[in-house]
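Trainee: I'm new to this one. Could you take me through the sheet and what packs against it?

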Amino acid sequence: MRITPARTAIAAAAVGLVLAGCATDDATDAAADETTTATESAPLIADTEYRTIDDFKGAAVEAGLECDDFTEATDLPETTWQEGTCGDVTLSLYRAQEDKDATTAAYEGDDTVLVGPNWTVVGPQDAIDTVQPGLGGEVD
């Protein structure tokens, strides 16, 4: 294979791009540190989707839910992705909107149901009143 000026230029450009992607400077590192710090201390954001029941429980506690006895459910209905209880309050996550809608439509209990983007909180009215300002959602 013959090395031509065009091939040399292409190889040099590729090496330059790789090196540029690996290089950082103090300003970039400082910005990354600020982002991490801001995220760790960020205030609760209403109407957020949650990826784990632990994250959802943490947000509910931050919103004011008392939860000294969290129990993660292991035997779940087909429509529920993840679920746990804090005393008489049930926190549930759903994979799909249809699953959440079907579950809330079928609910026939006496408790209040707070519905968010991919979650529900089911519990006494006072618990819902406590967490709704922080979690957001709509009472169903």
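**A close look at the sheet**

Mentor: Let's start with one pair: Leu 93 stands opposite Trp 119 in β5. A quick note on the ground rules: this is a predicted model, where local features need pLDDT of at least 70, side-chain atom pairs count only at pLDDT 80 or more, and totals for chains, interfaces and linings use all residues. Residues are numbered from 1 along each chain as its sequence is written, and side-chain values use heavy atoms, leaving out hydrogens and water. (pLDDT is the predictor's confidence in each residue, from 0 to 100.)

Back to that pair: strand β3 (residues 89-93) and strand β5 (residues 119-123) run antiparallel, joined by 4 bridges. Strands here are DSSP E runs of at least two residues, helices are H or I runs of at least four, and both are numbered from the N terminus. Two strands pair if DSSP finds at least two bridges between them.

Now zoom out: the open sheet has 6 strands in the order β1-β2-β3-β5-β4-β6, with antiparallel pairing. β1 (70-72) and β6 (138-139) stand at the edges with a single partner strand each, so one side of each has no neighbour in the sheet.

Then come the helices. Helix α3 (residues 53-62) lies across β1, β2 (82-86), β3 and β5, at about 135° to β3. Helix α5 (residues 125-135) lies across β3, β4 (112-115), β5 and β6, at about 150° to β5. Those angles run from 0 to 180 degrees between N-to-C directions, with axes fitted to C-alpha atoms, for helices over the stretch in contact; contact means heavy atoms within 4.5 Å.
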